[in-house]
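Open the model in your viewer and keep the selection tool at hand. The stops below say what to pick and what to look for.

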Amino acid sequence: MTQPDVAAVPGPPPAAPGASPTDVIHNIGYREYEGPRLGRAYARKSLFSQSLRGAYGLGRSAKSKVLPMILLGAMCAPALIMVAVTVFTHMTHLPVAYTRYAVILQAVITLFVASQAPQSVSRDLRFKTTPLYFSRPIERIDYVAAKFAALATALFLLTALPLLILYVGALLAKLDFGDQTAGFAKGLVSVVLLSLLFAGIGLVIAAVTPRRGFGVAAIIAVFVISYGAVSSVQGVAASQENYDVIGWLGLFSPITLIDGFQTWFLGAQSAFPEASGPPNAGAGLVYLLILLGVVAACFGLLMRRYRKVGLS
Amino acid sequence: MTVIATESLSKRYPRVTALDRLTVDVTPGVTGLVGANGAGKSTLIKILLGLSPATEGRARVLGLDVATDGAEIRGLVGYMPEHDCLPPDVSATEFVVHMARMSGLPPTAARERTADTLRHVGLYEERYRPMGGYSTGMKQRVKLAQALVHDPKLVLLDEPTNGLDPAGRDEMLGLIRRVHTDFGISVLVTSHLLGELERTSDHIVVIDGGKLLRASSTSEFTQATASLAVEVTDREHDLLAMLDAAGLTVQASGHLLLVDIADDGTYDLVRDAVAQLGVGLARMEQRRHRIAELFTDETDETDETDAGDGAGTTPAAAGTAQEGDGRDAA
Amino acid sequence: MSTTAAGPAGVHTPNPPALAPVQAGIYHATVGRLTYRALLGRRRALLLLALPLLLLVIVSAVRALAGQDDTTTANLLQGFALSAMVPLIGVIAGTGAIGPEIDDGSIVYLLAKPIKRATIISTKLLVAMAVSIAFCAIPTLLAGFVLNGNGQRLAVAFAVAAAVASVAYSAIFLMLGVITRHAVVVGLVYALVWEGVIGNVVPGARTLSVQQWSLAVAQHLSAGSAVTSDVSLTTGVVLLVLVTAAATWFAVRKLATLKLAGEE
């Protein structure tokens, strides 16, 4: 390592005796910064774009690109296959409804959240980088909002891209334009809410622990177990022909919450046993409220979490 | 012009009082903030950055109120934390660029300033490697760089020499000194190593238990005393007797003899006495005060004053601990 | 503690200090106490409690919906308790007994003491087993009673099966905790994917699943025909014992050559 003393002396730079000519080039001295200082919104945007790119491994090592890209591929491949089938067998409708696609591929979405939510927040906690963020002219809400928005956007890309493929394919197969556009729009609405919900839950769990592996495991466990529990009890209820209960049980797991919401509000066909979605308007409203409530609660929990961690 | 001004600043937690009516003015330059662990240094920094509200009192940084203009203050101030805070899989350049952008610098400016700042702190080729492989010295430099990259007017450095070997400490202290002299940025350095602060700072603020112990310029602290330390290779008692007989006030302190300097002739007297005895003179130096003396018992100081018998040691009235007393270190 | 002895010409030569005896045995009280505290610390204890609670909530809901039914009971106890809860608790207890210590490096203090590695492993294993049996068998028993009041002796049968399975899982996951720093993720994938999905679906894989071995035990203990297993009792028990022993032995060997990892 060269001597710092030689490098930064300001003023007319006759090279010190014996110094090579390249040393002269370095003697520029300290320059003040007179340029613009963009405010909080710019900082938020920078953090947002850095986190979004990090969710797909862009700007990081090659190893961290592998899993997100594989998952993205796994998410889109079925859509491509479906499009091919539709086009080449001249089907009159897509094999799968736009709103059903995410429900079918929930495992892929869960894996994506499980691996990328910790990637986003656990690292800052583990390496204690958060004080450096908060010693800058941003507030806590900027950090939380940027991270939340970034992961939600990443999930949106993951879930909306296949829908886009289906849409384009449907148009190529000359299916009815109005139908397909309506279906596509409904799918997008559903997927926006899904992204917000999954991102919120994933981030809250990941922000609890600085250890990444733990966060990954906990997220997988929460999503899988909640879905498993809900669907088995729904199965039991179905065998008892207790359809109302099936509808209400869907509130207790993230993917079924989305499913119930879209059944009631977007006219989608329910993925619950016996296709029994929310039994009445009241239940439908509850689905909406719980959905929005969980997203808001996750945001609030994240804000609380970062209040404690601000400056160590 | 003061860089930091606090007025009766207090921060109380349920069980502990971190800061207790702290009133201090910090002027431009390098200021050392001294205090034992838990004395309130980190709390003070948090309040100055506008991240933690004070329970009582006010504080202004660069003329801005910490209670209302926190974000603006953070835009003009750089902070270097004490603990490890660097992710190991990112390179220094990438990290500092990101931090620069978080401070509001546009992308191109961020990259240019990063390159400049990393060069100024002394990181060259290694800046492109992931930070996991850096030595402690390099990591401290990166931390300093991210505090400087947005051209702040003031930087707060929390224990910057933590974990560095002696050579590294010297380099870091030199760097800190240059931040003020060459870059024109005021510096507030916290430490509990008094010796290095004596060397680097223009002013010193001493906190103990949340209260201000003393605040003045370094030169005032380390004033020369009117006493001479003499160390000889043998026969100290004989020398003591001789000097006593010659009319000097002498006191033994360990193997040193402390001679009160009556006038310029004292030096000659001592030299002659030593030569007469035929012993070797290992040291004859004018004693300077150390900041550490502030933390010794008050009784020790009064003992010295008594022994000195009026031949003034410290400007004693100013030297002893006074609570809540803010001295303008001009 | 050195004593001096007067040698020739009055020179004092200290005796060589007595070597502290290497502590062996199956269970070391201090190590055990520390492991208990680590496993039952607040956060982990909450996790360990959450799963049994969830099981009880589910079975209560089902009982309220469907009344008593032996087939449903067997299905639920196998599907939830044995398939999901037991492996997960095994992961939490098994990796938690040693994983955090290795991760933050404090395992060196333990390794530097004069305690045999085998003793360390066996102590931690016993603690993990005790914790997982407690958190698996008891809730399973309760769940069985809630579901059908021990009809066909299902409650007891599955409780024993849960206990037996958690013994094996503790050994396997303790070993994983020593081998890899990603034990929790690996364990989770194993628990949910292998045991939960493949072990139930793919015929050939079923003979290699701890779940099936413990189901053999349950089948033997239950009174009716509600429980089926692909594996005979003998095979099941033998494989359980073998796997537990092998995992323990491997864990001891790995601990002996443990390299402390730096940052990832």
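In which hand does H6(A) pass H10(A)? Keep that in mind while you set up the view; note also that this is a predicted model.

**Stop 1: the helix pair H6 and H10 in chain A**

Select residues 106-126 of chain A, which form helix H6. Add H10, residues 212-239 of chain A. H6(A) passes H10(A) in a right-handed crossing. Two packed helices are described by the angle between their axes and by the distance between those axes. Here the axes come within 9 Å and cross at roughly 150 degrees. Angles over 145 degrees count as roughly antiparallel, so H6(A) is roughly antiparallel to H10(A).

Now show side chains. On the H6(A) side, the residues that meet H10(A) include A:Gln106, A:Thr110, A:Leu111, A:Val113 and A:Ala114. Further H6(A) residues in this contact include A:Ala117, A:Pro118 and A:Ser122. Across from them, H10(A) supplies A:Arg212, A:Gly215, A:Val216, A:Ile219, A:Ile220, A:Phe223 and A:Tyr227.

**Stop 2: swap H6 for H9**

Keep H10(A) on screen. Hide H6(A) and select residues 177-208 of chain A, helix H9. The axes of H9(A) and H10(A) come within 9 Å and cross at roughly 135 degrees. The two helices are therefore oblique to each other. Their crossing is right-handed.

Pick the H9(A) residues A:Phe198, A:Ile201, A:Gly202, A:Ile205 and A:Ala206. They meet A:Gly215, A:Ala218, A:Ile219, A:Val222 and A:Phe223 in H10(A). Look back at A:Gly215, A:Ile219 and A:Phe223: these H10(A) residues are listed in the contact with H9(A) and in the contact with H6(A).

**Stop 3: two loops in chain A**

Follow H10(A) to its end and go on to A:Glu241. This residue lies in the loop between helix H10 (212-239) and helix H11 (243-249). Phi of A:Glu241 is near 55 degrees, a positive value in a residue other than glycine. Is A:Glu241 buried or exposed? At 57% relative accessibility, A:Glu241 counts as exposed.

Jump to A:His90. Its loop runs between helix H4 (63-88) and helix H5 (98-104) of chain A. A:His90 has a positive phi of about 50 degrees, although it is not a glycine. With 68% relative accessibility, A:His90 counts as exposed.

**Stop 4: chain A as a whole**

Zoom out and color chain A by secondary structure. There are 13 helices and zero strands. Of its 312 residues, 51% count as buried. Among contacts between residues at least 6 apart in sequence, 74% join residues at least 24 apart. The accessible surface of chain A comes to about 13,600 Å², with 68% belonging to carbon and sulfur atoms.

**Stop 5: chain B**

Select chain B. How many helices and strands does chain B have? The count is 12 helices and 14 strands. Buried residues make up 52% of its 330 residues. Residues 24 or more positions apart account for 69% of the contacts with a separation of 6 or more. Chain B exposes about 14,000 Å², and carbon and sulfur atoms supply 48% of that area.

**Stop 6: chain C**

Move to chain C. Its secondary structure comes to 11 helices and two strands. Along the sequence, the two strands precede the helices: the pattern is β-β-α-α-α-α-α-α-α-α-α-α-α. Of the 264 residues, 45% count as buried. The accessible surface comes to about 12,400 Å², of which 68% belongs to carbon and sulfur atoms.

Next, color the segments that an unreviewed UniProt entry labels "transmembrane region": residues 45-65, 77-98, 125-148, 154-176, 183-202 and 231-252 of chain C. Try two of them. Residues 154-176 are 100% helix and 0% strand, with end C-alpha atoms 32 Å apart. Residues 231-252 are 91% helix and 0% strand, with end C-alpha atoms 29 Å apart.

**Last stop: C:Leu39**

Center on C:Leu39, in helix H1 (residues 29-39) of chain C. C:Leu39 is buried, with a relative accessible area of 0%. What does C:Leu39 touch, beyond residues up to four places away in sequence? Its contacts include C:Arg44, C:Ala45 and C:Leu48. Among the others are C:Ile92, C:Ala93, C:Gly96, C:Val127 and C:Val131. Finally, draw a C-alpha to C-alpha distance from C:Leu39 to C:Leu49: these residues are 10 apart in sequence and 12 Å apart in space.

Technical notes: Residues are numbered from 1 along each chain as its sequence is written. Chains are lettered from A and ligands numbered from 1 in the order in which they are written. This is a predicted model: local features need pLDDT of at least 70, side-chain atom pairs count only at pLDDT 80 or more; totals for chains, interfaces and linings use all residues. Side-chain values use heavy atoms; hydrogens and water are left out. UniProt positions are given in the numbering used here, feature names are shortened, and annotations may be inferred rather than shown by experiment. Helices (H or I, at least four residues) and strands (E, at least two) are DSSP runs, numbered from the N terminus. Buried means under 20% relative accessible area, exposed over 50%, partly exposed in between (1.4 Å probe, protein chains only). Accessible areas come from the Shrake-Rupley method with a 1.4 Å probe; for residues, only the protein chains shown count as cover. Axes are lines fitted to C-alpha atoms, for helices over the stretch in contact, and angles run from 0 to 180 degrees between N-to-C directions. Angles under 35 degrees count as roughly parallel, over 145 as roughly antiparallel, 65 to 115 as roughly perpendicular and the rest as oblique. A crossing is left-handed if the near helix is turned anticlockwise from the far one by less than a right angle, and right-handed if clockwise. Contact means heavy atoms within 4.5 Å.
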